[in-house]
Amino acid sequence: MYLNVYCPRLGFYIYKNFMLTSKLSFWQCEGKRMMLYFSKLIGDNEMSQKIDTNRRVVLAERPNGLPNKNTLKLEVSEVPTSGMGEMLLQTSYLSLDPYMRGRMNDTKSYAEPVKLGEVMTGQVVAKVISTKCDGFDKGDYVLASSGWQDYALSDGVGVRNLGNSPDNPSWFLGILGMPGYTAYAGLLQIGKPKPGETVVVAAASGPVGATVGQIARIKGCRVVGIAGGADKCAHVVENLGFDACIDHRAEDFSEQLKAACPKGVDVYFENVGGKVLYAVLPLLNAFARMPVCGVVSWYNLSGLPEGPDFGPAIMGTILRMKVKVEGFIIFDSFPQSLFKDFIRDMSEWLASGKIHYKEQVVEGLENAPAALNDLLVGDSFGKIVVKV
Ligand code: NDP
């Protein structure tokens, strides 16, 4: 199938032959094409961040399955003006995270869904451009939840001041922020790994999984990662120091996982659900712990999955093996004081080289929708942030 891709810099359409092997890849290609098309509609000059306009990505339509070209819309508005007690923030980096897919649904959850027409939710590292807000100076970098846009006003509530020259500012969206803290708290508070035990984690090259595995190694465990593809698995073993990493796309995935866990599994840190969960279930040891952090393989479901009903196997295993299963949402489930412990420990582990961090930087807010889809289907590699 042929798609026309408009190239704003060259000013004409490039005809490219895309091999569209699946519906998923169709929407990924289509998403990228539409983002490029936006650049024609609003002009190339508007696509890069400018001081006099504010680009905002809004939720235009609730997706059924993977987000498509109608889901998110790029709009241009005026830069807001700050009043008393407010500051104007200019986004430097936007974090992309799996939870964003859930916020597109109008369903009961731990957080309100994004409303239609509203700016897509998201954590950012931003720079203070002007301020009438106590505790923040012009030029400070901050961690804020101002979403997918160039500029935002803030009253400073819930905003963390990172100072005017933080090292690696984007890391506060990853290893020193929400994903890193999720791994730390979920593993240590719920998983409670003991030396010599076996810990299994999927999405093992992503920010949460990679951190879970490295902390478990520091705690003296055998760590088995699960990731999609040979490159990710090689990275997980060679650079992150996991004992083994199994490709969940391999035909004999379950057998390989069993071979990598000769003493069974004591902690399964649940990130993905689906066939990974079903493969781990028979390997769980008595009194295993399962922190339920996420089930990303199911986030795009629009109904019940096809295939056998695993309900009896899941509940039967939990009962017979006396498994402790506990779901958590990072900023609701743990005492606030734990965050300080996390920053202390993680800073030390990063400084001493005990923990390694991989980041994938995507250039341009206009490329964020396609990059979110990459994340949801496993085409990202490392913590994905958008340099706005
Ligand atoms: P990642 O950057 O690791 O991205 C998700 C990864 O999941 C993909 O890269 C892919 O990795 C894997 N994946 C996607 N589909 C499948 C599938 N069908 N089968 C197996 N693996 C799949 O995400 P994060 O590290 O940011 O988050 C990991 C999990 O933690 C998510 O479920 C997220 O929702 C959850 N989370 C929960 C929080 C909480 O408070 N409870 C807070 C933060 C995150 P691969 O290619 O290797 O398969």
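Let me start with helix H4, where 12 of the 14 residues are buried, so that this helix is largely enclosed by the rest of the structure. Please keep in mind throughout that what we are looking at is a predicted model. The buried residues of H4 run through Pro179, Gly180, Tyr181, Thr182, Ala183, Tyr184, Ala185, Gly186, Leu187 and Leu188, and they also include Ile190 and Gly191. Directly after the helix comes Lys192, and its phi is positive, near 40°.

From there I would like to move to helix H5, residues 207–218, which has 12 residues and reaches 17 Å from its first C-alpha to its last, close to the 16 Å expected at 1.5 Å a residue. Of those 12 residues, 10 are buried, so H5, too, is largely enclosed by the rest of the structure. If you follow the helix along the display, the buried positions are Pro207, Val208, Gly209, Ala210, Thr211, Val212, Gly213, Gln214, Ile215 and Ala216. Which elements do the buried residues of H5 pack against? They pack against helix H4 (178–191), and also against four strands, namely E10 (198–202), E11 (222–227), E13 (265–269) and E17 (383–387). Just after H5 you will find Gly220, which takes a positive phi of about 85°.

The third helix I want to show is H12, residues 368–377, in which nine of the 10 residues are buried, so that it is largely enclosed by the rest of the structure. Its buried residues are Ala368, Pro369, Ala370, Ala371, Leu372, Asn373, Asp374, Leu375 and Leu376. H12 is followed by Gly378, with a positive phi near 90°, and Gly378 is also one of the residues that come nearest to the ligand.

That brings me to the ligand itself. There are 31 residues around it, and those that come nearest are Gly206, Gly228, Gly294, Ser297 and Gly378. Both H4 and H5 supply at least two residues of this shell, as does helix H8 (274–280). By class, the shell is made up of 17 nonpolar, 12 polar and two charged residues. Where does the ligand shell lie with respect to domain 1 and domain 2? Domain 1 (2–174 + 360–387) and domain 2 (178–332) both give residues to the shell, so it lies between them.

Let me turn to the nonpolar core. In general, nonpolar side chains in soluble globular proteins tend to be buried together. Here, the largest nonpolar core has 94 residues, and those with the most contacts inside it are Leu94, Leu96, Ala204 and Val386. Because domain 1 (2–174 + 360–387) and domain 2 (178–332) both give residues to this core, it lies between them. Leu96 is a good place to look in detail: leaving aside residues up to four places away in sequence, Leu96 touches Ala368, Ala371, Leu372 and Leu375, together with Ile384, Val385 and Val386.

For the chain as a whole, there are 12 helices and 17 strands, and buried residues make up 41% of the 388 residues. Among contacts between residues at least 6 apart in sequence, 66% join residues at least 24 apart.

Two loop positions illustrate pairings of that kind. Asp150 is found in the loop between strands E7 (141–144) and E8 (151–154). Is Asp150 buried or exposed? Asp150 is buried, because 23 other C-beta atoms lie within 10 Å, and the cut-off for that class is 20 or more. Asp150 and Thr91 are 59 residues apart in sequence, yet 5.2 Å apart in space, C-alpha to C-alpha. Gly156 sits in the loop between E8 and strand E9 (160–163), and with 18 C-beta neighbours inside 10 Å it counts as partly exposed. Gly156 and Glu86 are 70 residues apart in sequence and 7.2 Å apart in space, again C-alpha to C-alpha. Not counting residues up to four places away in sequence, Gly156 touches Met87, Cys133, Gly135 and Phe136.

Finally, two residues deserve a look for their backbone. Asn168, in the loop between E9 and H4, has a positive phi of about 40° although it is not a glycine, and Asn168 is partly exposed, with 13 other C-beta atoms within 10 Å. Lys322, in the loop between helix H9 (311–320) and strand E15 (324–327), has a positive phi near 55°, and this residue is likewise not a glycine. Lys322 is exposed, with 12 other C-beta atoms within 10 Å.

Key:
Residues numbered from 1 in each chain as written. Predicted model: local features only at pLDDT ≥ 70, side-chain atom pairs only at ≥ 80, totals over all residues. Expected span 1.5 Å × (residues − 1). Contact = placed C-beta atoms within 7 Å. Near = placed C-beta within 6 Å. Nonpolar A, V, L, I, M, F, W, Y, C, P; charged D, E, K, R; others polar. Domains from an automatic or database assignment. Core = buried A, V, L, I, M, F, W, Y, C linked by C-beta atoms within 7 Å.
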